[in-house]
Amino acid sequence: MKKLLLLFISSLAFTSQAQDVFFTEDCTALTIGNLSTDPTGLIAGQHGWLTAGSTGASPATANSHFQVVNAAGVNGNVLQINGSPTATTSTQNQSRWVTQDITNGWANRTSGNDIVEIEFDLFSGGPTASLSSFRNYILDASGFAVAGFWFAPGPYTYTPTGGTPTTVTKALRGWAYYDNAGTPGYYTFKLGGTSTTPDDLILSDNTWYRIGVAYNYNTGEITWKELNGLFYTGISTGPDAGVDLTGARFQISSAVGNTVGANVQIDNITMKTVVAEDLLLGVNTNSVVINDFSVFPNPSKDIINISNNSTSIKFIEITDLNGRIVKTFGALDSSNVQVTISDLSTGVYMMKILSDKGTSTKKVIKE
């Protein structure tokens, strides 16, 4: 009963729209110990999980690197991937992963359910000096990891373009195969801050987070969301739309200079195809509080008021129905905000409201 209640409550929000849940894993039926007997990814282990690691890794990938462990508390049994303490070099990758084949689930989806969503619980773990990173991927038939998450349980140092090196710890980012101004490749996306001034989202130690990623097969649109309002963001398009999907992967990768292996724990995994991203995590927005925004008058010719006495509005972004940003309003920091839309063309727009308690999106009509 420990996890069925969560799944049942979440499912209540799904009854009004078509969805195909083709895989769930709460680890209750899994046996404590090794997840599989084959570390080469050829023979499926418990509940169809494939386990594998980098070719030529030292130490070599072993069954003991993929475990079912008892995390106690409400989670009980969970999946754990034990990362390598050895440094990655240009010729030796140190990655270990577990994979589910989603080919049949994708091929047999209900017509129109062209958005695939993966939701799971991620444990942030305690303080660590490990330079390993966790990645979650949605894989396509071309072998690309089209979308997912990236998490650094220990310190991670990066240098922004034109900036100075910055070190963060327990940063969670979105991951995507993305066309960056004509340069397609793998990129991470900061989940904190605003769309114009993104910032790293830092997780608390020893905390479970329920997160989800949605990928739109038709447009390449990707959405990242956290159940309780920590983030709700995405990118509008990618170069990989229209390619069939084949797998879901959870992976630990080492980094240059690493001497400490990091473990990652995941649980309550759900994979499904849906007709609308609204079903990601079973919520349209991330918090009860941020559903209480008043937006008026609507329709409007010139002025729109936005108010919510339970939160402070930080930033507002207005996009057209093609996802193009047409207006932004920053440095607001107020529970009552007034914006001008007189310069917009007549039509329907989406207003994204970022507050200190999450993000909400409202439809507004310009007369």
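Q: Which residues make the nonpolar surface patch of about 240 Å²?
A: Patches gather residues with over 30% relative accessible area and no salt bridge, joining nonpolar side chains (Val, Leu, Ile, Met, Phe, Trp, Tyr) within 5 Å and like charges within 9 Å. A salt bridge, for that purpose, is a side-chain nitrogen of Lys or Arg within 4 Å of a carboxyl oxygen of Asp or Glu. Here the patch is made by L321, V348 and I365. Keep in mind that this is a predicted model: local features need pLDDT of at least 70, side-chain atom pairs count only at pLDDT 80 or more, and totals for chains, interfaces and linings use all residues. Residues are numbered from 1 along each chain as its sequence is written, and side-chain values use heavy atoms, with hydrogens and water left out.

Q: Is L321 buried or exposed?
A: Buried means under 20% relative accessible area, exposed over 50%, and partly exposed in between (1.4 Å probe, protein chains only). L321 has a relative accessible area of 61%, so L321 is exposed. You'll find L321 in the loop between β22 (313-319) and β23 (325-329); strands (E, at least two residues) and helices (H or I, at least four) are DSSP runs numbered from the N terminus.

Q: How many helices and strands does the chain have?
A: The chain has 2 helices and 26 strands. Of its 367 residues, 49% count as buried.

Q: In what order do the strands of the open sheet with β20 run?
A: Strands of a sheet pair through backbone hydrogen bonds, either parallel or antiparallel. DSSP has to find at least two bridges between two strands for them to pair. In this case 3 strands go β20-β21-β24, with antiparallel pairing. β20 (294-296) and β24 (336-340) are the edge strands, each pairing on one side only. From one strand to the next, the twist averages 15°; axes are lines fitted to C-alpha atoms, for helices over the stretch in contact, and angles run from 0 to 180 degrees between N-to-C directions. If you zoom in on β20 and β21 (303-307), you can follow 3 bridges, and V295 has I306 in β21 as its bridge partner.

Q: Which strands does β10 pair with?
A: Strand β10 (residues 166-180) runs antiparallel to β9 (residues 145-158), joined by 10 bridges, with F151 partnered by L172. L172 also stands opposite L201 in β14, a strand that pairs antiparallel with β10 over 2 bridges. With β11 (residues 183-190), β10 pairs antiparallel over 8 bridges, and D179 faces P184 there.

Q: What phi does A181 take in the hairpin of β10 and β11?
A: With 2 residues between the strands, A181 takes a positive phi near 50°.

Conventions. Accessible areas come from the Shrake-Rupley method with a 1.4 Å probe; for residues, only the protein chains shown count as cover.
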